[in-house]
Amino acid sequence: MRQEYTYFILAPVLNKVKIGKAHKVSERLDHLQTGSPELLQLLRVVPFDEREMHELFKRFRVHREWFEYTGELKAFVEGRLTADQVREVGRALESEPITCKGEVTEDQYWLDKQSRLKQLLLPFDSDQRKSTYAANDVYNERAEARIRAI
């Protein structure tokens, strides 16, 4: 059985990321590029199941396999959060609904939600981020080497 990889491909102008799977990620990127009006970028390849990634980032889903490139999704792709940390933040956001007095605009609701997310991410200090960056750089270099070899 051939190895499948889960990839994150960015459409930078739209600020959307496609989470998909492929045996040959470079070929998949070429196929997607053919139908895209903008230059797509391969951001990351991970050993996780595609469906698991879709579930993990479901709150950022725009359409099918395309997700808004922001919040924990962006932090995960950049290597600032692990999958377990993303789950922890998601659970905290779900278990602590924002309560507001009186009428609140939709913009204010999302600003409050964003503020709460920043508070939740504070414990992941810069030293931990640096070590996570280094580990992800090594992993991504190895993954890219494997993809080139395919």
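1. How many bridges join β1 to strand β2, and in which sense do the two strands run? In this predicted model, β1 and β2 (residues 16-22) run antiparallel and are joined by seven bridges. One of the pairs to look for is that of Tyr 5, whose bridge partner in β2 is Ala 22. The two strands form a hairpin with four residues between them, and within the turn Asn 15 has a positive phi of about 60 degrees.

2. Strand β1 also pairs with β3 (residues 41-46), again in the antiparallel sense, here over five bridges. To locate this pairing in the structure, one may start from Phe 8, whose bridge partner in β3 is Arg 44.

3. The surroundings of β1 deserve a careful look, because seven of its seven residues are buried and the strand is therefore largely enclosed by the rest of the structure. In a regular strand the side chains alternate between the two faces of the sheet. In β1, Tyr 5, Tyr 7, Ile 9 and Ala 11 point one way, whereas Thr 6, Phe 8 and Leu 10 point the other way, and all of these residues are buried.

4. Thr 6 is a useful residue to examine in detail, and its place is in strand β1, which covers residues 5-11. Thr 6 has a relative accessible area of 3%, and because buried means under 20%, Thr 6 counts as buried. A polar atom of its side chain lies 2.6 Å from the backbone oxygen of Phe 48, and the side chain of Thr 6 also reaches the backbone nitrogen of Glu 50 at 3.3 Å. Leaving aside residues up to four places away in sequence, Thr 6 touches a set of residues that includes Ile 19, Gly 20, Arg 44, Val 46, Asp 49 and Met 53.

5. A separate point concerns the second largest pocket, which has a volume of about 280 Å³. It is lined by 13 residues, of which Glu 55, Leu 56, Lys 58, Gly 90 and Glu 94 are the closest to its centre. Helices α2 (50-56) and α4 (83-95) each supply at least two residues of this lining, and α4 gives the most, with six residues. By character, the lining of the second largest pocket divides into nine charged residues, three nonpolar and one polar.

6. Gly 90, one of the residues closest to the centre of that pocket, has its place in helix α4. With a relative accessibility of 18%, Gly 90 counts as buried, since the cut-off for that term is under 20%. Gly 90 and Glu 72 are 18 residues apart in sequence, and their C-alpha atoms are 8.7 Å apart in space.

Notes
Residues numbered from 1 in each chain as written. Predicted model: local features only at pLDDT ≥ 70, side-chain atom pairs only at ≥ 80, totals over all residues. Heavy atoms only, no water. Buried < 20%, exposed > 50% of the residue type's maximum accessible area, 1.4 Å probe, protein only. Polar contact = N/O pair within 3.5 Å; in protein donor to acceptor, adjacent residues only side chain to side chain. Contact = heavy atoms within 4.5 Å. 1 Å grid on protein atoms, 1.4 Å probe; cavity = no way out; pocket = protein on both sides within 12 Å on 5 of 7 lines; lining within 4 Å. Points joined across faces, edges and corners; volume = space filled by probe spheres on them. Nonpolar A, V, L, I, M, F, W, Y, C, P; charged D, E, K, R; others polar. Pairing = 2+ DSSP bridges.
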